[in-house]
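Work through the exercises below with the model open. Each task is followed by a solution in steps.

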Amino acid sequence: MARIVTLLIIYLVSQFMNAQMVSREKDSIVGVTIKVTVPNVTSNDGEVLFALYNSNENFINRNPIKRKKASISEGRASVIFKNVSAGEYAIMCLHDKNMNGKIDFNEVGIPIEDYGSTNNVFRMGPPLFEDAKFMIENKSLD
């Protein structure tokens, strides 16, 4: 009987230690939440794709650190990026009307699907990271 009680105590202590380690791991995930909303999608067709970038190189190569997609309701689409650490970021979005996962172009190379980036800078050609970037510090963004 004493052996069973000892094993039970060892088991409970080990479970408590594991729970503390998991709790510490969760606490060590430091980051903020970014909520992104596109308020004026031109139709409810398809979905809106969102991409979060953390460097000029990733932005140029279209290699986001996080991707999300959202359905469209009454001309609005929203996503939430969680656990984003401090640094410089840019977000691009695409109204993927035909849901093929990419931007479509006409025969002369002009996009036929709507797209945008943070800071809403308009220019001929694709957006630049320098124009679209913003800083994350220690508070969540809407």
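Glu88 is partly exposed, with a relative accessible area of 34%; buried means under 20% relative accessible area, exposed over 50%, and partly exposed in between, with a 1.4 Å probe and protein chains only. Exercise 1 starts from this residue.

This is a predicted model, in which local features need pLDDT of at least 70 and side-chain atom pairs count only at pLDDT 80 or more, whereas totals for chains, interfaces and linings use all residues. Residues are numbered from 1 along each chain as its sequence is written, and side-chain values use heavy atoms, with hydrogens and water left out.

**Exercise 1. Salt bridges**

Find which side chain meets that of Glu88 in a salt bridge, and work out which parts the pair ties together.

Step 1. A salt bridge is a side-chain nitrogen of Lys or Arg within 4 Å of a carboxyl oxygen of Asp or Glu. A search of the whole structure with this criterion finds two.

Step 2. One of them joins Glu88 to Lys133, at 3.3 Å from N to O. Glu88 is in strand E5 and Lys133 in the loop between helix H3 (129-132) and strand E7 (134-136), so the pair ties together parts that are 45 residues apart in sequence. Helices (H or I, at least four residues) and strands (E, at least two) are DSSP runs, numbered from the N terminus.

Step 3. Lys133 also forms a salt bridge with Glu130, the closest N and O atoms being 3.0 Å apart. Through shared partners, Glu88, Glu130 and Lys133 form one network.

Step 4. Check the accessibility of the lysine: Lys133 is partly exposed, at 25% relative accessible area.

**Exercise 2. Buried acids without a salt bridge**

For Glu47 and Asp104, find the nearest side chain of opposite charge. Here Lys and Arg count as positive and Asp and Glu as negative; His and the chain ends are not counted.

Step 1. Glu47 lies in strand E2. Glu47 is buried, and the nearest side chain of opposite charge is that of Lys69, 4.2 Å away, with no salt bridge formed.

Step 2. List the contacts (heavy atoms within 4.5 Å). Leaving aside residues up to four places away in sequence, Glu47 touches Lys69, Ala70, Ile72, Leu94, His95, Asp96 and Met99.

Step 3. Asp104 sits in the loop between strand E5 (87-96) and strand E6 (115-117). Asp104 is likewise buried without a salt bridge, and Lys102 is the nearest side chain of opposite charge, at 4.9 Å.

Step 4. Look for a polar contact instead, that is, a pair of N or O atoms within 3.5 Å; within protein, one must be able to donate a hydrogen and the other to accept it, and residues adjacent in sequence count only if both atoms are side-chain atoms. The side chain of Asp104 makes one with the side chain of Asn98, at 2.8 Å. With residues up to four places away in sequence not counted, Asp104 touches Asn98, Ile110, Pro111, Ile112 and Glu113.

**Exercise 3. The faces of a strand**

Sort the side chains of strand E1 (residues 32-38) by face, then identify the bridge partner of Lys35 in E4.

Step 1. In a regular strand the side chains alternate between the two faces of the sheet.

Step 2. In E1, Val32, Ile34, Val36 and Val38 point to one face and are buried, while Thr33, Lys35 and Thr37 point to the other and are not.

Step 3. E1 and strand E4 (residues 77-84) run antiparallel and are joined by six bridges; strands pair if DSSP finds at least two bridges between them. Lys35 has Ile80 as its bridge partner in E4.

**Exercise 4. Two loop residues**

How exposed are Pro39 and Leu128, and what do they touch?

Step 1. Pro39, in the loop between E1 and E2, is partly exposed at 47% relative accessibility. Apart from residues up to four places away in sequence, Pro39 touches Gly75 and Arg76.

Step 2. Leu128, in the loop between E6 and H3, is partly exposed at 41%. With the same exclusion of residues up to four places away, Leu128 touches Phe59 and Arg123. The C-alpha atoms of Leu128 and Ile60 are 7.8 Å apart, although 68 residues separate them along the chain.

**Exercise 5. Confidence**

Locate the part of the chain where confidence is lowest.

Step 1. The mean pLDDT (the predictor's confidence in each residue, from 0 to 100) is 81 for the protein chain, with 76% of its residues at 70 or more.

Step 2. Helix H1 (residues 2-28) has the lowest mean, 38, and strand E2 (residues 47-53) the highest, 98.

Step 3. Over residues 1-28 pLDDT stays under 50, and the model has zero contacts there beyond four places in sequence.
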